[in-house]
Amino acid sequence: MTRFTAEELEAARDRLVPDVIAAGLRVLFCGINPGLMTAATGHHFARPGNRFWPVLHLSGFTPRLMKPSEQSQLLSYGLGITNVVARATARADELSADEYRTGGRLLATKVAELRPRWLAVVGVTAYRAAFEDRRAQVGPQERTIGDTRVWVLPNPSGLNAHWTAATMAEEFARLRVAAEGQQITASPDP
């Protein structure tokens, strides 16, 4: 992995990272917003401590552990990646409530156009802010966007110590099973 200086990472602030999307995906994963490492590399979930890629594999979504630089291969598995807020920041707490709400509206428009089977928002706090749903919990939601079902997943950031890679993989696997059209069961507590 390329090493970046603090100055190079800071120069990535506010950059946009292209979505990995196509129409009719099984699951469109939605991060909060790109971090500076993601913006610097142009690859989603690129920060070394982020557990998205390992959890995606552990949950059975991918047959092997993929690198962020291989993100375009997700499309072949019927998977994609976007974000609630497009601009890159060092931390999610740099985003305003208005950015989340605007991002939620733009995301809903994108989902209505692309029509994935499932929208999977990684981060319950981001979901609550974007869709103004304070009671949302990890798991399938009542909300739909057109025919697209919505699932909230735990945030794979290394800062989310309440969830281990194993417990996250269990929740991601529940979504995978639902996306494959099988019965889902109650979510385990982290």
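The radius of gyration used here is taken over C-alpha atoms, and the globule rule is 2.2 Å times the number of residues to the power 0.38. Keep that rule at hand as you work through these exercises on a predicted model.

**Exercise 1. Overall build**

Work out whether the radius of gyration of the protein chain agrees or disagrees with that of a compact globule.

*Solution.*
- Step 1: Start with the length of the chain, which is 190 residues; for this, a compact globule would have a radius of gyration near 16 Å.
- Step 2: Compare that with the protein chain, which has 15 Å, so the value agrees with the rule.
- Step 3: Add the outline: along the principal axes, the C-alpha atoms fill a box of roughly 50 × 35 × 35 Å.
- Step 4: Look inside, where buried residues make up 48% of the chain.
- Step 5: Finish with the elements. There are 6 helices and 5 strands, and from the N terminus on they run α-β-α-α-β-α-β-α-β-β-α.

**Exercise 2. Two helices that meet**

Decide whether α4 is roughly parallel or roughly perpendicular to α5.

*Solution.*
- Step 1: Find helix α4 at residues 97-114 and helix α5 at residues 124-131; their axes come within 7 Å and cross at roughly 85 degrees.
- Step 2: Angles of 65 to 115 degrees count as roughly perpendicular, so α4 is roughly perpendicular to α5.
- Step 3: List who makes the contact: Tyr100, Arg101, Gly104 and Leu107 from α4, with Ala126, Ala129, Ala130 and Phe131 from α5.
- Step 4: Sort these residues by type, which gives 6 nonpolar, 1 polar and 1 charged.

**Exercise 3. A loop asparagine**

Find out whether Asn33 is buried or exposed, and what its side chain meets.

*Solution.*
- Step 1: Place Asn33 in the loop between β1 (27-31) and α2 (36-41).
- Step 2: The relative accessible area of Asn33 is 13%, so this residue is buried.
- Step 3: Check the polar partners. A polar atom of the Asn33 side chain lies 2.9 Å from the backbone oxygen of Arg87, and a polar contact of 2.8 Å links the side chains of Asn33 and Thr89.
- Step 4: Beyond its neighbours within four places in sequence, Asn33 also touches other residues, including Asn83, Val85 and Leu95.

**Exercise 4. Positive phi angles**

Say where Asp14 and Glu132 lie.

*Solution.*
- Step 1: Asp14 is not a glycine, yet it has a positive phi of about 75 degrees. Asp14 lies in the loop between α1 (6-11) and β1, and is partly exposed at 42% relative accessible area.
- Step 2: Glu132, also not a glycine, has a positive phi of about 50 degrees. Glu132 lies in the loop between α5 and β4 (139-145), and counts as exposed at 60% relative accessibility.

Key. Residues numbered from 1 in each chain as written. Predicted model: local features only at pLDDT ≥ 70, side-chain atom pairs only at ≥ 80, totals over all residues. Heavy atoms only, no water. Axes fitted to C-alpha atoms, helices over the stretch in contact; angles between N-to-C directions. Helix = DSSP H or I, 4+ residues; strand = E, 2+ residues; numbered from the N terminus. Parallel < 35°, antiparallel > 145°, perpendicular 65-115°, else oblique. Contact = heavy atoms within 4.5 Å. Nonpolar A, V, L, I, M, F, W, Y, C, P; charged D, E, K, R; others polar. Buried < 20%, exposed > 50% of the residue type's maximum accessible area, 1.4 Å probe, protein only. Polar contact = N/O pair within 3.5 Å; in protein donor to acceptor, adjacent residues only side chain to side chain.
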